[in-house]
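Let's take a walk through a protein together. Have the sequence and the 3D view ready.

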Amino acid sequence: MAQKSILITGCSSGIGYDAAHALKARGWRVFATCRSEADCERLRDEGLESFVLDYEDTASITTAVQECLLRTGGTLHAVFNNGAYGIPGAVEDLPTDALRAIFETNLFGYHELTRQVIPVMRAQGHGRILNCSSVLGLAVLRWRGAYNATKFAMEGLTDTLRLEMRETPIKVILIEPGPITSKIRENSIPHFEKWIDWKASPRAADYKKSLLKRLYESGGPDKFELPASAVSKKLIHALEHNNPKPRYYVTTPTYIMGALRRILPTRAMDWVLSRI
């Protein structure tokens, strides 16, 4: 039987990086993609097959898929849509162009890559599409409106695709981490500085009191933070189990928020979230 292959996005660090190495160690053929060639070169030096895939560039997505198929002889067992970023800031201060930009990466790129691999999976008679969502696709937090919106949209799109693929051999799965050790905070700073004019905001005092400190000062690991390997463990189950779950929670906050969303009325849920 041919070696199983997987295309993973966002492999420069964090969840994607750990997943690429973990799956390679289990015998998978891993195509670990990144947005920059410099990161890809670093991963190649570590023994991974790596090339560029930028969600904001449709041609880049197409080229990456074609490269995978060229190397495998036309097959691809799975894709793990993982790359994403945040734009911290109050919704009222978020320019609409900023929202368009983050959706391009965090949702539209996922959709484009998924559409390109579905015909391959149909033709070979099997496949798994895994989308990395978040606890923020289940419950929102202040200052994260842009990221919240992309993850809630992804949840809806993925759930719909899963229903539509129900009678096919293609499995569609959501991975839903909570706080995971990664560079998402640091990586969000340039986007915050590009898009959010916090000094001109009527909430400037709130920025100083809350967001700026969180954003620019590392307070150490979150109380419930887990290493990226915790996601890889769930990812492996989703890929290798004969009957994978439709969604996999990772970290205690994800389990808690998933439960609270089902049992609490909206006002009570808002009270809980306003204290985080």
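What follows goes from the overall build to the cores, one helix, two odd loop residues and a pair of cysteines.

This is a predicted model, so keep in mind that local features need pLDDT of at least 70, side-chain atom pairs count only at pLDDT 80 or more, and totals for chains, interfaces and linings use all residues. Residues are numbered from 1 along each chain as its sequence is written, and side-chain values use heavy atoms, with hydrogens and water left out.

**The overall build**

The protein has ten helices and six strands. Those are DSSP runs numbered from the N terminus: helices are H or I with at least four residues, strands are E with at least two. Along its principal axes, the C-alpha trace spans about 60 × 45 × 30 Å. How does the radius of gyration fit a compact globule? With 276 residues, a value near 19 Å would be expected, and the protein has 19 Å, which agrees. (That radius is taken over C-alpha atoms, and the globule rule is 2.2 Å times the number of residues to the power 0.38.)

Of the 276 residues, 48% count as buried. Buried means under 20% relative accessible area, exposed means over 50%, and partly exposed lies in between, with a 1.4 Å probe and protein chains only. Contact means heavy atoms within 4.5 Å. Among contacts with a separation of 6 or more, 69% are between residues 24 or more positions apart.

**The cores**

In soluble globular proteins, nonpolar side chains tend to be buried together. A nonpolar core here is a set of buried Ala, Val, Leu, Ile, Met, Phe, Trp, Tyr and Cys residues joined through side-chain atoms within 4.5 Å. The largest one has 44 residues, and those with the most contacts inside it include Leu7, Ile87 and Phe192. Among the elements that give two or more residues to this core are H3 (58-72), H4 (96-124) and H6 (184-195). H4 gives the most, with ten residues. Then there's a second, separate core of 30 residues, which includes Ile15, Ala20, Ile236 and Ala238.

Zoom in on Ile87: leaving out residues up to four places away in sequence, Ile87 touches Leu94, Ala98, Ile102, Trp143, Ala146, His191, Trp195 and Ile196.

**Helix H6**

In H6, Ser188, Ile189, His191, Phe192 and Trp195 are buried. The buried residues of H6 pack against H4 and H7. The length works out too: at 1.5 Å a residue, its twelve residues should span 16 Å, and the end C-alpha atoms are 17 Å apart, which agrees. (The expected span is 1.5 Å times one less than the number of residues.)

**Two odd loop residues**

Most residues other than glycine have a negative phi. Here are two with a positive one:

| Residue | Phi | Loop | Relative accessibility |
|---|---|---|---|
| Trp143 | about 75° | between E4 (127-132) and H5 | 12%, buried |
| Thr251 | near 90° | between E6 (247-250) and H9 (252-263) | 6%, buried |

**Two cysteines**

How many disulfides does a search of the whole structure find? It finds zero. A disulfide is a pair of cysteine sulfur atoms within 2.5 Å. The sulfur of Cys34 is 4.3 Å from the closest cysteine sulfur, in Cys40, and that's too far for a bond. Cys34 counts as buried because its relative accessibility is 2%, and Cys40 counts as buried at 0%.
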